[in-house]
Each structure stands twice: as structure tokens, then as C-alpha cells.
Amino acid sequence: MEKSKQDIRNQIDAIDEQIALLLKNRFALAKAIGKLKKDSGLPVKDSSREESVLLKVSALMQEDDEKQAVLQIYKAVIQECSNLQK
């Protein structure tokens, strides 16, 4: 039986809710690590860590278009997390 457009949208909505909650948790952790960096006199930007994260998440994707999409999304996530650390 084929799924309806609404069934698919409902699944997307549930995934979006999960993503938003995971981002909320990631933001809280970014703030915590930002405090540790500040207390230790370390810079917010950590290029090697950012590159490591990008490599890990892109490796989870099989298709090239998915890899490019996840890289763009994670670059934005990393930037926003960096902004929260300031």
C-alpha cells in the first residue's frame, strides 16, 4: 500500500521535531564548551575539530548530493554553535 502525501509529511514533521530537540541539546553543549574554552583562554574556533565533524557526518551519507547537503547543513550548525560560544 502506497503512503499518502500526508503520511509522508507526518513522518517529516516527526523527524523535524527530533532534529530540533537534538539541536537544542547540541546548542547547550556548545555553550558549555564555550565556557570551558573561555575559562582556559582558548579560541572559539577549532578548525581541526570542525573538519573532523564535517568528515564524520559526510561519511554517513552514501550519495554525493546527500553528502553535499549534509555538509552545507553542518557548516551552518557549526557556525551557529560557534556564535553561541562567544
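Lys45 is exposed in this predicted model, with a relative accessibility of 53%. Its side chain is in a salt bridge with Glu50, and the closest N and O atoms are 2.9 Å apart. Is Glu50 buried or exposed? Glu50 has a relative accessible area of 16%, so with the cut-off for buried at under 20% it counts as buried. This pair therefore joins an exposed lysine to a buried glutamate.

How many salt bridges are there in the whole structure? The search finds 2. Besides the Lys45 and Glu50 pair, there is one between Asp39 and Lys35, again listed at 2.9 Å from N to O. Here both partners are exposed: Asp39 has a relative accessible area of 55%, and Lys35 comes in at 52%. The cut-off for exposed is over 50%, so Lys35 qualifies at that value. As for where they sit, Asp39 and Lys35 are both in helix α1, which covers residues 5-40. They are 4 residues apart, which means about one helical turn lies between them.

Now to α1 itself. The helix has 36 residues. From first C-alpha to last it reaches 51 Å, close to the 52 Å expected at 1.5 Å a residue. After α1 comes Gly41, and its phi is positive, near 70°.

Which residues of α1 are buried? Ala30, Gly34 and Lys37 are. A lysine is on that list, so please note Lys37 when you look at the model. Part of the cover over the buried residues of α1 is α3, residues 64-85.

That brings me to the packing of α1 and α3. In general, two packed helices are described by the angle between their axes and the distance between the axes. For this pair, the axes come within 8 Å and cross at roughly 45°. That angle makes α1 oblique to α3. The crossing is right-handed. On the α1 side, the contact is made by Leu23, Arg26, Phe27, Ala30, Lys31, Ile33, Gly34 and Lys37. On the α3 side, the residues are Tyr74, Val77, Ile78, Cys81, Leu84 and Gln85. Ala30, Gly34 and Lys37, the buried residues I named for α1, are among those that make this contact.

To recap: the structure has 2 salt bridges, with Asp39 and Lys35 pairing inside α1 and Lys45 pairing with Glu50. Helix α1 crosses α3 at roughly 45°, and α3 helps cover the buried residues of α1.

How values were computed:
Residues are numbered from 1 along each chain as its sequence is written. This is a predicted model: local features need pLDDT of at least 70, side-chain atom pairs count only at pLDDT 80 or more; totals for chains, interfaces and linings use all residues. Side-chain values use heavy atoms; hydrogens and water are left out. A salt bridge is a side-chain nitrogen of Lys or Arg within 4 Å of a carboxyl oxygen of Asp or Glu. Helices (H or I, at least four residues) and strands (E, at least two) are DSSP runs, numbered from the N terminus. Buried means under 20% relative accessible area, exposed over 50%, partly exposed in between (1.4 Å probe, protein chains only). The expected span of a helix is 1.5 Å times one less than its number of residues. Contact means heavy atoms within 4.5 Å. Axes are lines fitted to C-alpha atoms, for helices over the stretch in contact, and angles run from 0 to 180 degrees between N-to-C directions. Angles under 35 degrees count as roughly parallel, over 145 as roughly antiparallel, 65 to 115 as roughly perpendicular and the rest as oblique. A crossing is left-handed if the near helix is turned anticlockwise from the far one by less than a right angle, and right-handed if clockwise.
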